[in-house]
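Here are a few exercises to work through with the viewer open. Try each task before you read its solution.

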Amino acid sequence: MTPSKKSRTPRPDKSQPLLQQLAAVPEMLFAGAFRQQYGALCFRRSNAGSAIEILVITSRDSGRWVIPKGWPMKGKKPFEAAAIEAWEEAGMRGTVKKKPVGRYTYLKELDNGDVAPCIVDMFQIEVTDISGDFKERDQRILDWVSPDEAARRVREIELKSLLVQFEPQGRKKRDRG
């Protein structure tokens, strides 16, 4: 009797970096469409408004530096979902822009071990209220850093670029004269 082969998608070797895992099983990357997420680019002004600091937080699973982000929420507009993520993941509230200030892509490892390509639309939030009492306070570390330092800490190349080039939108420039 010959053993029967199961028609099962091979699983990547978890000991390899994520991109090497995908290279071993590229069909995982292209099996489905990109998934949408919404992110909060939280910032505050320092030095009398001439410089800004950006909030970075650690992820719950790996402890790597990220920004608050999450999946779409039923009944919520994208900028509202981003604001909710900022509150739940970091205790931040503030003035949220309704239009994204940028977008980046990354590969998310799902709970079942699959990898999903994601597009994250980023919404700026000028933080006006910081609370130490938020949903994920015991699961994350928060840090306010310069845009350059934020870019150095995050892993995603497109996000690095967004952070370095970020200029807050919406505050009117004063006339020089």
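**Exercise 1. Find the strand partners of strand 7 and the direction of each pairing.**

Keep in mind that you're looking at a predicted model.

Step 1. Start with strand 1 (residues 35–46), which runs parallel to strand 7 (residues 115–130) and is joined to it by nine bridges. To get the register, look at Q37: V120 of strand 7 stands opposite.

Step 2. Now go to strand 5 (residues 92–96). Its pairing with strand 7 is antiparallel, with five bridges, and R93 faces D129 there.

Step 3. Strand 6 (residues 102–109) is also antiparallel to strand 7, this time over eight bridges. Here K108 sits opposite A116.

Result: strand 1 pairs in parallel, while strand 5 and strand 6 pair antiparallel.

**Exercise 2. Work out how strand 6 connects to strand 7, and check the backbone in the turn.**

Step 1. Count what separates the two strands: five residues, and the motif is a hairpin.

Step 2. Check phi in that turn. G113 has a positive value, about 95 degrees.

**Exercise 3. Classify R153 as buried or exposed, or something in between, and list what its side chain and backbone meet.**

Step 1. Locate R153: helix 4 (residues 147–153) contains it.

Step 2. Compare its relative accessibility with the cut-offs. Buried means under 20% and exposed means over 50%; R153 is at 22%, so it counts as partly exposed.

Step 3. Skip residues up to four places away in sequence, and the contacts of R153 are V56, W65, D143 and V145. With D143 there is a side chain to side chain polar contact at 2.7 Å.

Step 4. Take V56 from that list: it is 97 residues from R153 along the chain, yet their C-alpha atoms are 8.3 Å apart.

**Exercise 4. Describe the largest nonpolar core and say which elements build it.**

Step 1. Size it up: the core has 19 residues, and I54, Y104, M122, L159 and L163 have the most contacts inside it.

Step 2. Trace the contributors. At least two residues each come from strand 1, strand 2 (51–58), strand 6, strand 7, helix 4 and helix 5 (157–165).

Step 3. Zoom in on Y104. Beyond its neighbours within four places in sequence, its contacts include I67, C118, V120, M122, L159 and L162, but also the residues K69, E156 and E158.

Step 4. Don't stop there: another core, of 16 residues, lies apart from the largest one, with I57, V66, A81 and F123 among its members.

How values were computed
Residues are numbered from 1 along each chain as its sequence is written. This is a predicted model: local features need pLDDT of at least 70, side-chain atom pairs count only at pLDDT 80 or more; totals for chains, interfaces and linings use all residues. Side-chain values use heavy atoms; hydrogens and water are left out. Helices (H or I, at least four residues) and strands (E, at least two) are DSSP runs, numbered from the N terminus. Buried means under 20% relative accessible area, exposed over 50%, partly exposed in between (1.4 Å probe, protein chains only). Contact means heavy atoms within 4.5 Å. A polar contact is a pair of N or O atoms within 3.5 Å; within protein, one must be able to donate a hydrogen and the other to accept it, and residues adjacent in sequence count only if both atoms are side-chain atoms. Two strands pair if DSSP finds at least two bridges between them. A nonpolar core is a set of buried Ala, Val, Leu, Ile, Met, Phe, Trp, Tyr and Cys residues joined through side-chain atoms within 4.5 Å.
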